[in-house]
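New notebook page. I want to get to know this chain, starting with its charges and then working inward.

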Amino acid sequence: MNQMKITCKAELVNDGFVRNSVASFVMSKNPTIDEIVEIKTMVSEAFTNAIIHGYNGETDREVSIEATLNEDTLRLIIEDQGCGIEDIKQASTPLFSTKPRDEHAGMGLSIIEALSDEFEIQSSKQQGTKLTITKTLKKKHGQ
Ligand SMILES: Nc1ncnc2c1ncn2[C@@H]1O[C@H](COP(=O)(O)OP(=O)(O)OP(=O)(O)O)[C@@H](O)[C@H]1O
Ligand SMILES: [Mg+2]
């Protein structure tokens with residue numbers, strides 16, 4: 001078992017650093033290019049949601065990103081202490097967004113669902129949101 005955790009300010013500028021850090025962490029497992037892209041995409045969608053929706057752009061707040069590798073299974077936990085999700089089922093529906101006018105397609109959570117093996121959303125109003133994402137890396141030839 002191996003684990004990393006980053007806690008950083010809710011600044012969009014940290015998105016690149018956060019997703020690349022998780023990708024670097026996973027490199028020891030020799031992931032495919034597709035897997036790296038998928039992991040970075042999931043981290044980015046979750047992280048930007050925490051900033052844009054959870055904290056509504058309030059930058060002096062914190063988002064935590066934990067990555068755990070158990071054999072070839074990656075578990076990601078992305079957590080904020082923001083406003084929480086009113087209706088998780090509705091939020092998870094493709095194309096649903098509470099900020100449709102700001103060019104949000106309402107696809108982030110659906111993308112995470114599609115790219116992960118397991119995806120759980122825990123959220124309560126004014127307490128925050130915790131996403132738990134699990135993805136098992138494929139076995140490579142010759143390994
Ligand atoms: N961390 C969060 N805190 C509070 N609300 C959230 C959070 N993440 C998602 N939501 C709610 O769930 C909705 C759907 O999220 P999703 O990522 O699917 O779409 P979006 O962020 O609105 O658009 P896109 O991701 O395509 O830019 C958001 O519009 C928001 O209302
Ligand atoms: Mg989103």
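**Charges.** I started with the charged side chains of this predicted model. I count 16 positive and 22 negative side chains in the chain. The centres of the two sets lie 2 Å apart.

**Overall build.** Next I looked up the secondary structure, and the chain has four helices and five strands. Going along the sequence, I read the order as β-α-α-β-β-α-α-β-β.

Then I checked the dimensions. Along the principal axes, the C-alpha atoms fill a box of roughly 50 × 30 × 25 Å. What radius of gyration does the chain have? I find 15 Å, and this agrees with a compact globule of 143 residues because such a globule would come out near 15 Å.

**Surface and inside.** The accessible surface of the chain is about 8100 Å². Carbon and sulfur atoms hold 47% of that surface. As for the inside, 43% of the 143 residues count as buried. I also looked at contacts between residues at least 6 apart in sequence, and 64% of these join residues at least 24 apart.

**Cysteines.** How many disulfides are there? The count comes to zero. Cys8 is in no disulfide, and the nearest cysteine sulfur, that of Cys83, is 18 Å away. A disulfide needs the two sulfur atoms within 2.5 Å, so I can leave that pair aside. Cys83 is likewise in no disulfide, with the sulfur of Cys8 as its nearest cysteine sulfur at 18 Å. Are they buried or exposed? Cys8 has a relative accessible area of 9%, so I note it as buried. Cys83 has 31%, so I put it down as partly exposed.

**Helix 4.** I picked helix 4, residues 108-115, for a closer look. Which of its residues are buried? I find Gly108, Leu109, Ser110 and Ile112. The buried residues of this helix pack against two helices, helix 2 (33-54) and helix 3 (88-91). They also pack against strand 4 (118-124) and strand 5 (128-136).

**The loop after strand 1.** Two residues caught my eye here, Leu12 and Asn14. Leu12 lies in the loop between strand 1 (2-9) and helix 1 (15-26), and Asn14 is found in the loop between strand 1 and helix 1 too. Leu12 counts as partly exposed because its relative accessibility is 48%. Asn14 has a relative accessible area of 18%, so it goes down as buried.

What does each touch, leaving out residues up to four places away in sequence? For Leu12 I list Thr48, Ile51 and Ile52. For Asn14 I list Cys8, Lys9 and Phe47; Cys8 is the buried cysteine from above. I also took one distance from Leu12: Ala50 is 38 residues away in sequence, and the two C-alpha atoms are 9.9 Å apart.

**Asp72.** My last stop was the loop between strand 2 (62-70) and strand 3 (73-80), where Asp72 is found. Is Asp72 buried or exposed? Its relative accessibility is 19%, and buried means under 20%, so Asp72 counts as buried. Not counting residues up to four places away in sequence, Asp72 touches Lys29, Lys135, Thr136, Leu137 and Lys139. I looked up Ser124 as well: it sits 52 residues from Asp72 along the chain, and their C-alpha atoms are separated by 31 Å.

How values were computed:
Residues numbered from 1 in each chain as written. Chains lettered and ligands numbered in written order. Predicted model: local features only at pLDDT ≥ 70, side-chain atom pairs only at ≥ 80, totals over all residues. Heavy atoms only, no water. Rg over C-alpha atoms; globule rule 2.2 N^0.38 Å. Buried < 20%, exposed > 50% of the residue type's maximum accessible area, 1.4 Å probe, protein only. Contact = heavy atoms within 4.5 Å. Areas by Shrake-Rupley, 256 points an atom, 1.4 Å probe, with all protein chains shown as cover. Lys, Arg positive; Asp, Glu negative; His and termini not counted. Charge placed at Lys NZ, Arg CZ, Asp CG, Glu CD.
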